[in-house]
Amino acid sequence: MERQAEAGEENSTTHLQIPLITPYRMGNFQLSHRIVLAPLTRQRSFNNVPQPHAILYYSQRATKGGLLISEATGVSDTAQGYPSTPGIWTKEQVEAWKPIVDAVHAKGGIFFCQIWHVGRVSNHGFQPNGQAPISSTDKELTPQIRSNGIDVAEFSPPRRLRTDEIPLVVNDFRLAARNAMEAGFDGVEIHGAHGYLIDQFLKDQINDRTDKYGGSLENRCRFALEIVEAIVNEIGADKVGIRLSPFADYMESGDSNPKALGLYMAESLSKFRVLYCHMVEPRMKKVGEKCESPHSLVPMRKAFNGTFISAGGYDREDGNQAVAENRTDLVAFGRLFLANPDLPRRFELNAPLNKYDRETFYVPEPVIGYTDYPFLDNTA
C-alpha cells in the first residue's frame, strides 16, 4: 500500500509539472489528459468509404481517456471537394466506420466525428451529375495552392443556395450526426471553419446574400446556428462540438470584424449548451503559417460556458502554458500527433518527437505517411 501511495504522489507531482497531462472532465467524459487529436484530412477513404487501414491509424493514436476528432467527413454527395475523403451519408459508410470507432473505444479513447460540407471549395468533378458546387454565394474561388505546397486546386463557379433550399442542407447535417451516433461515435464536431460551407455563410468577405442568411452578423450566423440546433435536437447538446476559425482567411474567407463574429458565436453556442467550442488561433491566418497576432481567443473562451479547445501550431511548451494560464481547457495537435502516434506519452516524458513528412500527408497509401510513424518503443 505504501509503495502505491508513493507512486501516486510521484505521478501527481509529474502531472502538476505538465498541465497537458492533467485530467479533465468534459461533460459526461472523463479525460485523462488535455491533448486532442485534431481533425486531419488524410485522403485515404477510397470512393468516400472509410477503409480498414483507418482502424490502425486511429487506434494507434487512441489512449484511455484521450479525445480524438476524426478527419473531416462529408454529410452528403454534394459535400465533397477533395479526393478520397470519407462520408457518413450512406449505410455503407456508416458500417465502414463501425470497426474504426470500435478500435478506438477498445483502447478507452473518446471519438468524435467531424462532419463537414466544403461548399464552393469544390469543382464539377466532385459533384453529383457534374453540377455546380453549392455555397452562400455565386462568387468563384480563385485557384489555390494545396496544403502540400505543390498542386494547384481549381474550383468551379458555385451556385448560390436559394433560401428555401437551406433547410435541406441543415437536414443533411442532422442526418449525418444521427449516422455518426449509429456508427458508434461519442459525438460530432460540426466543421464551421476554414472557408468551407458554414464559414462561407459566417464571413462577410464571402457572404453577399440579401435574404435572412446575409447582411447582419446575426443573419450570417443563422445557418450555423440552425445546424447546431438541429443536431442538438437530434443527438443531445452533450454530444455536440463545433470548430470555428473567425480570424482565418483560408480559401478567401476573411471577415471584417472577426472578434465580434467569434464572440457572437461563443455566446450563441452557450445558449444551446453544446459540449465544446474548438477555435483556431488568430495566428493561423493561412494554411500551416504561424504569424504574430495581436488578438487572442481569450474573450471567446470567457464568453463560452462549455469546454474550450484551442488549435493552431501548438507545441508542448505553449500548449502547457495555455492550459496553465487557463486560456483553454484542451489543446488540439495536428501534424505533431500525425507524426507521433504516442504524442501524449512523449509529452509526458518530454521525449524527442518524430519529424512529420509533409510530402506523404495526402498520398493515397494505406501505410506510408499514415501508420508507419514509429512509437517510442517501436511497437504499436
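Two strands pair if DSSP finds at least two bridges between them. With that in mind, welcome to this predicted model, where paired strands will take up a good part of the tour.

**The chain as a whole**

The protein chain has 11 helices and 15 strands. Its C-alpha trace spans about 70 × 40 × 40 Å along the principal axes. A compact globule of 380 residues would have a radius of gyration near 21 Å, and the protein chain has 20 Å, so the two agree.

Of the 380 residues, 58% are buried. Among contacts with a separation of 6 or more, 72% join residues 24 or more positions apart. On the outside, the chain exposes about 15500 Å², and carbon and sulfur atoms supply 50% of that area. As for charge, there are 41 positive and 47 negative side chains, and the centres of these two sets lie 2 Å apart.

**A run of parallel strands**

Now to the strands. A good place to start is β11, which covers residues 187-192 and has six of its six residues buried. Both of its faces are covered: G187, E189 and H191 sit on one side, while V188, I190 and G192 sit on the other.

Strand β11 pairs with β6 (residues 110-116) in the parallel sense, over four bridges. Within that pairing, Q114 has E189 of β11 as its bridge partner. Strand β11 also pairs with β12 (residues 240-244), again in the parallel sense, this time over five bridges. Here I190 stands opposite I242 of β12.

From β12 the path leads on to β13, since these strands pair in the parallel sense too, over four bridges. The bridge partner of R243 in β13 is H278.

How many of the residues of β13 are buried? Five of the five residues in this strand (276-280) are, so β13 is largely enclosed by the rest of the structure. Y276, H278 and V280 point one way from the strand, and C277 and M279 point the other way.

The three pairings are set side by side here.

| Strands | Sense | Bridges |
|---|---|---|
| β6 and β11 | parallel | four |
| β11 and β12 | parallel | five |
| β12 and β13 | parallel | four |

**Some loop residues to find**

The loops also have residues to look up. G66 is found in the loop between α2 (53-60) and β4 (67-69). Is G66 buried or exposed? Its relative accessibility is 2%, and buried means under 20%, so G66 counts as buried. Apart from neighbours within four places in sequence, G66 is in contact with S32, H33, G108, G109 and I110. One of these, I110, belongs to the residue range 110-116 of β6, the strand that began the list of pairings. To get a sense of distance, look from G66 to D208: their C-alpha atoms are separated by 41 Å, and the two residues are 142 residues apart along the chain.

N47 lies in the loop between β3 (35-37) and α2. With 72% relative accessibility, where exposed means over 50%, N47 counts as exposed. The backbone of N47 is also worth a look: phi is positive, about 55 degrees, although N47 is not a glycine.

S84 shows a positive phi of about 55 degrees as well, and S84 is not a glycine either. You can find S84 in the loop between β5 (73-74) and α3 (91-106).

Terms used
Residues are numbered from 1 along each chain as its sequence is written. This is a predicted model: local features need pLDDT of at least 70, side-chain atom pairs count only at pLDDT 80 or more; totals for chains, interfaces and linings use all residues. Side-chain values use heavy atoms; hydrogens and water are left out. Helices (H or I, at least four residues) and strands (E, at least two) are DSSP runs, numbered from the N terminus. The radius of gyration is taken over C-alpha atoms; the globule rule is 2.2 Å times the number of residues to the power 0.38. Buried means under 20% relative accessible area, exposed over 50%, partly exposed in between (1.4 Å probe, protein chains only). Contact means heavy atoms within 4.5 Å. Accessible areas come from the Shrake-Rupley method with a 1.4 Å probe; for residues, only the protein chains shown count as cover. Lys and Arg count as positive and Asp and Glu as negative; His and the chain ends are not counted. The place of a charge is taken as NZ of Lys, CZ of Arg, CG of Asp or CD of Glu.
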